[in-house]
Amino acid sequence: MAVSCGILGLPNVGKTTLFNAMTQTTQGAAEAYPFTTIDPNRGRVLLEDERLEVIASIMKPENQICADFPVVDIAGLVRGASRGEGLGNQFLAHVREMDMLIHVVRCFFASHVPHVEGTISPVRDVEIIDTELCMADLEVIERRRQRLAQEAKGKTRAARANEREGEMLDRFEAWLDTGTPLRRQDLSAEEEQLARALAMVSAKPVLYAANLDEGDLLEPSDNEHYASLLEHVRPQASEVVPVSAQICSELAVLTQEERDMFMEELGLSREVLAELSQAVYRTLSLITYFTVNEKEVRARSLRAGASALEAAGQIHTDMARGFIRAEVISTDQLAEAQSMTVAREKGWVRLEGKDYRVQDGDILYIRFNV
Ligand SMILES: Nc1nc2c(ncn2[C@@H]2O[C@H](COP(=O)(O)OP(=O)(O)OP(=O)(O)O)[C@@H](O)[C@H]2O)c(=O)[nH]1
Ligand SMILES: [Mg+2]
């Protein structure tokens with residue numbers, strides 16, 4: 001599934017540092033001055049999954065292939081961006097293309113890294129960005145209204161069709177005027193569709209990455225800024241993941257052995273980047289299923305609630321066209337059986353039809369005929 005995830009936030013909060021960590025590269029320039037990033041950095045995040053190893057140990061394929069998703073490190077956004085301040089509209093154009101946003105919020109001190117607002121204050125920073133997103137959407141509404149009016153001129157049929165959309169735009173406008181992003185409203189299916197069609201930036205799901213000093217990573221809630229951010233976000237549906245972009249970017253380019261040693265030195269038991277990727281999947285409501293043959297075991301991402309037919313179409317269009325049945329077993333059951341033969345004897349390999357809702361951790365073998 002080609003879902004893309006954009007990294008946004010004020011300048012100098014550690015967006016590029018986090019991008020480098022997530023993509024395990026040193027591709028983006030991360031410097032202690034604002035607007036280091038102008039053109040977006042683009043990369044892919046590999047989603048490590050222990051279940052691949054479990055399946056591989058039983059099925060012995062030649063290769064293991066992780067699921068991955070594209071991530072884009074966008075230029076820093078400042079107060080007034082929706083009016084063209086900073087990199088303004090250029091920045092917002094990139095946000096429009098994204099399916100979700102990781103909003104990096106600075107909680108680290110580092111006196112050598114200037115903050116564009118002068119002080120560390122995560123809640124204020126979140127509000128600045130939310131305001132800019134709302135203002136950008138208000139502008140979209142304005143332009144859309146002009147367009148609808150023009151289309152409808154002298155045509156009663158078009159005027160009537162546009163009326164419904166006009167009503168929805170009125171509701172959006174009233175909400176946005178109060179400074180509340182559309183993602184925090186309970187939108188109807190129709191409203192959600194319109195927000196998506198117009199690429200409303202404040203409607204995109206957000207995940208907060210609280211960027212902490214390395215010393216605070218062990219006990220994030222000891223950091224007062226992190227605590228205030230949590231409190232602020234609590235009434236929203238969004239998650240907050242504590243990270244230290246700096247440490248993660250240093251860890252990301254090490255070998256597994258070096259990484260284990262470094263983490264032990266830091267007293268760190270959590271795989272911070274894996275937690276972040278998992279939160280991305282939850283935010284996008286994605287699940288992981290697996291396909292396996294002699295050549296490879298492969299993790300694939302799918303929208304939660306999607307059918308076996310959709311999964312088949314994602315693997316190959318022929319598989320969807322000639323779909324007969326899906327053979328399904330959960331990773332847990334395969335692990336318990338320790339072989340497909342035993343699993344079959346136990347009746348754990350089920351035959352499912354095209355409407356079967358794929359579950360997280362399912363191993364799918366699609367039978368098809370074209
Ligand atoms: N101490 C500390 N410094 C950090 C951390 N993350 C980033 N920095 C530093 O903050 C500065 C800015 O980091 P960048 O990753 O370039 O920030 P950015 O948000 O991409 O900035 P722009 O591209 O200018 O908007 C660099 O000097 C980083 O080394 C962190 O977790 N801890
Ligand atoms: Mg940057």
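**The shell around ligand 1**

Among the elements that surround ligand 1, α1 contributes the most to the shell, with three residues (helices being DSSP runs of H or I with at least four residues, strands runs of E with at least two, both numbered from the N terminus). The model is a predicted one, in which local features need pLDDT of at least 70 and side-chain atom pairs count only at pLDDT 80 or more, whereas totals for chains, interfaces and linings use all residues. Residues are numbered from 1 along each chain as its sequence is written, chains are lettered from A and ligands numbered from 1 in the order in which they are written, and side-chain values use heavy atoms, with hydrogens and water left out.

In total, 25 residues surround ligand 1, the closest being Lys15, Thr17, Phe35, Thr36 and Thr37, where a residue is near a molecule if one of its heavy atoms lies within 4 Å of it. Polar contacts (pairs of N or O atoms within 3.5 Å) link oxygen atoms of the ligand to the side chain of threonine 17 at 2.5 Å, to a polar backbone atom of glycine 14 at 3.1 Å and to a backbone N or O atom of valine 13 at 3.2 Å. The protein covers 92% of the 660 Å² of accessible area that ligand 1 has on its own, as computed by the Shrake-Rupley method with a 1.4 Å probe.

Elsewhere, aspartate 68 and arginine 44 form a salt bridge with their closest N and O atoms 2.8 Å apart, the criterion being a side-chain nitrogen of Lys or Arg within 4 Å of a carboxyl oxygen of Asp or Glu. Because aspartate 68 lies in strand β4 and arginine 44 in strand β2, this pair ties together parts that are 24 residues apart in sequence.

Technical notes. A polar contact is a pair of N or O atoms within 3.5 Å; within protein, one must be able to donate a hydrogen and the other to accept it, and residues adjacent in sequence count only if both atoms are side-chain atoms.
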